[in-house]
Amino acid sequence: MEFLKLALFAITRNKMRAFLTMLGIIVGVGAVIAMIGIGEGSKRASIALIQNMGSNMLTIFPGSGGNRFGPMAIGSADILLESDIPLIKQELSESSVVTATQQVQTTRPIIFQSNNYVTQVQGTGPEFLQIRGWDMASGRFFTDAEVRGGAKVCVLGNTVKTNLFPNGDDPVGQTVKIGGGGGGGALPFLVVGVLEVKGAGMFGDQDDLIVAPYTTVMRKVMGRDKIQRIIASAQDGKADLAAAEITALLRQRMKTAPKDDDPFQIRKQDDIVQMQTQQAGILTALLAVAASISLVVGGIGISNIMLVSVTERTREIGVRRALGATQRNILWQFLVEAIVLAFFGGIIGVGFAMTAIAILQKFQVPAVTETWAVVLGLGFSGVVGVVAGFLPALKAARLDVIDALRYE
């Protein structure tokens, strides 16, 4: 306690110098906590976006080898069949798969009266809502009977609704036209429902789409007779098992030789989450290392000021030694002073970081305050204080008493 009182007295005696000395620690600790907060916030936001696209969802698409998370090679090979879906449901529903459905996708202009908007047109089955974890905002989704009959009905995403019905009219029951392919004319589709707002996803605005029966989109809009991909939902905790079983089932159906690569790829949401987590972890570590350089600079500043302080207080040291203070007493006096400087700088740095994160959150920047980052910052500032203050404190402790008393 005596050393702490001496340290506080020395710091308050030169307030401006003490503050400028602490500034490097303040900036360093604040930067470390803020950078970790931004990195962790970005990781959580990315994972939330991926999970928002559909929990436990698997996507099966043509193509072998290459980057599993790159372009999905839609249309590169017509190897997936409509009959694969009932096969998957029949064989795997009890072990790993909840449900599955066919899917095709294209981009077409959508017309309603004088409004024209180009968007993504997805053809799929009634299981789409369950697989994607999506609900209806109004109206209904199309039925299995409408899929089998190739009905010209559709469901709008919120972004499409906003662009086609800017006055806020209810689109349910209205007829929109979807541009055909190969020079064909636009086809009228009855709007039967509007999807709830989903927000941004990994591949852009999830609400910027129209969903219709895959049979209608595939044959009447795109002019093709094969599906492009399959989406499926795995049972909780069984995504890996579902992927393995689907792979074995499709290889058997396609009569793929054991030595040959899979002619298709399966993308799991869990894989993307793990990849994003690893990338975000590396980014957070790099940001923290870059910010910690400020702490090192702050430590050098403390060491420099403590050396100056030892020189200025040489006579004081001599008097204390003459009155009975040991070398250890002098060592601890200056070491505690350096630690207090660093610790106070760390406390102010934590406040600075929390304020910065709060401001970033107001501007919708994904940033969070991590408790472990605060503890790390304060701990690091204490270590910097010990390291920076040790050599000046050792110099003070080793001063010769007679020379110190003579010092002017």
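**Group meeting: a walk through a predicted model**

Let me begin with a caution, which is that over residues 66-76 the pLDDT stays under 50, and for that stretch the model has 21 contacts beyond four places in sequence. What we have in front of us is a predicted model, and I would like to keep that in view throughout. For the protein as a whole the average pLDDT is 84, and 90% of the residues score at least 70. If we go by helices and strands, confidence is lowest in strand β8, residues 200-201, where the mean is 63, and it is highest in strand β5, residues 153-156, at 96.

With that said, let me turn to the interior. Which residues have the most contacts inside the largest nonpolar core? They are Val 176 and Ile 246, and the core they belong to has 58 residues. Helix α8, which runs over residues 239-254, gives the most to this core, with 7 residues. Apart from it lies another core, this one of 37 residues, and Val 336, Leu 341, Ala 388 and Ala 397 are among them.

If you would like to find Val 176 on the screen, you can look for its partners: setting aside neighbours within four places in sequence, Val 176 is in contact with ten residues that you can pick out by name, namely Ile 110, Ile 111, Phe 112, Cys 154, Leu 164, Phe 165, Leu 187, Pro 188, Phe 189 and Val 191. One of these, Leu 187, is found in strand β7, residues 187-195, and, again not counting residues up to four places away in sequence, Leu 187 touches Val 176, Lys 177, Ile 178, Lys 220 and Val 221. Leu 187 and Ile 111 are 76 residues apart along the chain, and their C-alpha atoms are separated by 9.7 Å.

A residue that touches Leu 341, which I named in the other core, is Thr 21. Thr 21 lies in helix α2, residues 15-52, and it counts as buried because its relative accessibility is 6%, under the 20% cut-off. Beyond four places in sequence, Thr 21 touches Gly 298, Gly 301, Ile 302 and Ile 305 as well as Leu 341.

Next, the aromatic rings. A search of the whole structure finds 4 aromatic pairs, and the one I would like to show you is Phe 128 with Phe 141, which is stacked, at 6.0 Å centre to centre and with 0° between the planes. Where in the chain do Phe 128 and Phe 141 sit? Phe 128 is in helix α4, residues 128-132, and Phe 141 is in the loop between β4 (136-139) and α5 (144-148), so that the pair links distant parts of the chain, 13 residues apart. Both rings are buried, Phe 128 with a relative accessible area of 0% and Phe 141 with one of 10%. Phe 128 and Phe 141 also belong with Trp 134 and Phe 142 to one aromatic cluster, and over the face of Trp 134 lies Lys 198, at 5.4 Å from the ring centre.

Let me finish with the charged side chains, for which the count comes to 11 salt bridges. In one of them, Asp 84 pairs with Arg 253, and the closest N and O atoms are 2.7 Å apart. Asp 84 lies in helix α3, residues 84-92, and Arg 253 in helix α8, so this salt bridge ties together parts that are 169 residues apart in sequence. Asp 84 counts as buried, at 0% relative accessibility, whereas Arg 253 counts as partly exposed, at 27%.

Another salt bridge joins Arg 148 and Asp 144, at 2.6 Å from N to O. These two are 4 residues apart in helix α5, and are therefore separated by about one helical turn. Is Arg 148 buried or exposed? Arg 148 counts as exposed, at 62% relative accessibility, while Asp 144 is partly exposed, with a relative accessible area of 41%.

Helix α8 also takes part in the salt bridge between Asp 262 and Arg 251, whose closest N and O atoms are 2.5 Å apart. Asp 262 lies in the loop between α8 and β12 (264-268) and Arg 251 in helix α8, so the pair ties together parts that are 11 residues apart in sequence. Here Asp 262 counts as partly exposed, at 27% relative accessibility, and Arg 251 as buried, at 15%. Finally, Arg 313, Glu 316 and Glu 337 are joined into one network by salt bridges that share partners.

Terms used. Residues are numbered from 1 along each chain as its sequence is written. This is a predicted model: local features need pLDDT of at least 70, side-chain atom pairs count only at pLDDT 80 or more; totals for chains, interfaces and linings use all residues. Side-chain values use heavy atoms; hydrogens and water are left out. Rings of Phe, Tyr and Trp (its six-membered ring) pair if their centres lie within 6.5 Å; planes under 30 degrees apart count as stacked, over 60 as edge-to-face and the rest as tilted. Buried means under 20% relative accessible area, exposed over 50%, partly exposed in between (1.4 Å probe, protein chains only). A charge sits over a ring if NZ of Lys or CZ of Arg is within 6 Å of the ring centre and within 35 degrees of the ring normal. Contact means heavy atoms within 4.5 Å. pLDDT is the predictor's confidence in each residue, from 0 to 100. A nonpolar core is a set of buried Ala, Val, Leu, Ile, Met, Phe, Trp, Tyr and Cys residues joined through side-chain atoms within 4.5 Å. A salt bridge is a side-chain nitrogen of Lys or Arg within 4 Å of a carboxyl oxygen of Asp or Glu.
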